[in-house]
Amino acid sequence: VNDDTVERTRWIQEGAANEMHRMKNTVIKPTESENEFLEKRGTSPISTGISLSRLLKRAPISYKDVEALSPASDPTDSRIKEQVEIEIKYEGYIRRQQKEIEKYRDMERIKIPEGLDYGTIHGLSNEIREKLETVMPASLGQASRIEGITPAAISVLMVAVTGFHKNRAS
């Protein structure tokens with residue numbers, strides 16, 4: 001990636017972070033004109049103050065709508081507006097995905113010892129044992145990506161790996 005692209009990306013990230021901060025900290029009050037505006041957009045009126053970011057999370061509301069209610073003091077670039085809308089509307093999904101990524105990173109760190117005999121692990125089906133013996137995964141993360149390996153099998157394997165390490169230490 002060239003330097004201009006890196007700089008533009010940083011500029012968008014910084015602008016989006018600033019605009020998201022503004023939207024989380026700007027509260028609109030329930031007035032007749034605001035509620036009329038919201039109803040015209042197909043969403044329910046507000047009875048108490050609401051942050052712009054919470055308002056933007058509503059399905060029919062776009063960044064353009066929020067901007068009409070409370071424009072930024074400085075003009076905002078269209079790419080920054082797009083980024084803000086994506087991050088706010090999908091915040092819950094993004095957070096959940098980040099947790100999932102972290103879980104897989106943790107599983108990648110748990111190494112499966114070379115001497116582990118899958119045949120002695122109780123709770124694994126013969127089919128799963130066969131797949132593990134064929135692939136010989138180096139980590140739980142790698143094992144979890146083998147077709148047909150279930151989350152339950154990964155849990156059993158994790159217990160077996162922990163037990164293997166304890167037995168070796170004794």
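These questions and answers go through a predicted model, from its nonpolar cores to one helix and the residue after it. Local features need pLDDT of at least 70 and side-chain atom pairs count only at pLDDT 80 or more, while totals for chains, interfaces and linings use all residues. Residues are numbered from 1 along each chain as its sequence is written, and side-chain values use heavy atoms, with hydrogens and water left out.

Trainee: Which helix gives the largest share of the largest nonpolar core?

Mentor: A nonpolar core is a set of buried Ala, Val, Leu, Ile, Met, Phe, Trp, Tyr and Cys residues joined through side-chain atoms within 4.5 Å; buried means under 20% relative accessible area, exposed over 50%, partly exposed in between (1.4 Å probe, protein chains only). The core has 19 residues, of which Met 23, Ile 28, Leu 38 and Val 84 touch the most other members. Two or more residues each come from helix 1 (3-25), helix 2 (32-40), helix 3 (52-56), helix 4 (63-69) and helix 5 (78-89), helices being DSSP runs (H or I, at least four residues) numbered from the N terminus. The largest share, four residues, is that of helix 1.

Trainee: At what angle do the ring planes of Tyr 90 and Tyr 93 lie?

Mentor: The structure holds one aromatic pair, meaning ring centres of Phe, Tyr or Trp (its six-membered ring) within 6.5 Å, with planes under 30 degrees apart stacked, over 60 edge-to-face and the rest tilted. Tyr 90 is partly exposed at 43% relative accessible area, and Tyr 93 is exposed at 53%. Their ring centres are 6.1 Å apart and the pair is tilted, because the planes lie at 45°.

Trainee: Over which ring does the charged end of Arg 41 sit?

Mentor: The criterion is NZ of Lys or CZ of Arg within 6 Å of the ring centre and within 35 degrees of the ring normal. Lys 103 lies over the face of Tyr 104, 5.7 Å from the ring centre. For Arg 41, the distance to the centre is 3.8 Å, and the ring is that of Phe 37.

Trainee: Within what arc do the buried residues of helix 7 fall?

Mentor: Ile 128, Arg 129 and Leu 132 are buried in helix 7. Asn 126, Glu 127, Glu 130 and Thr 134, on the other side, are exposed. The arc is taken from the directions from the helix axis to the C-beta atoms. The buried residues line one face of the helix, since they fall within 105°.

Trainee: What is the phi of Met 136?

Mentor: Met 136 lies in the loop between helix 7 (126-135) and helix 8 (140-144). Its relative accessible area is 44%, so Met 136 is partly exposed. Its phi is positive in a residue other than glycine, near 50°.
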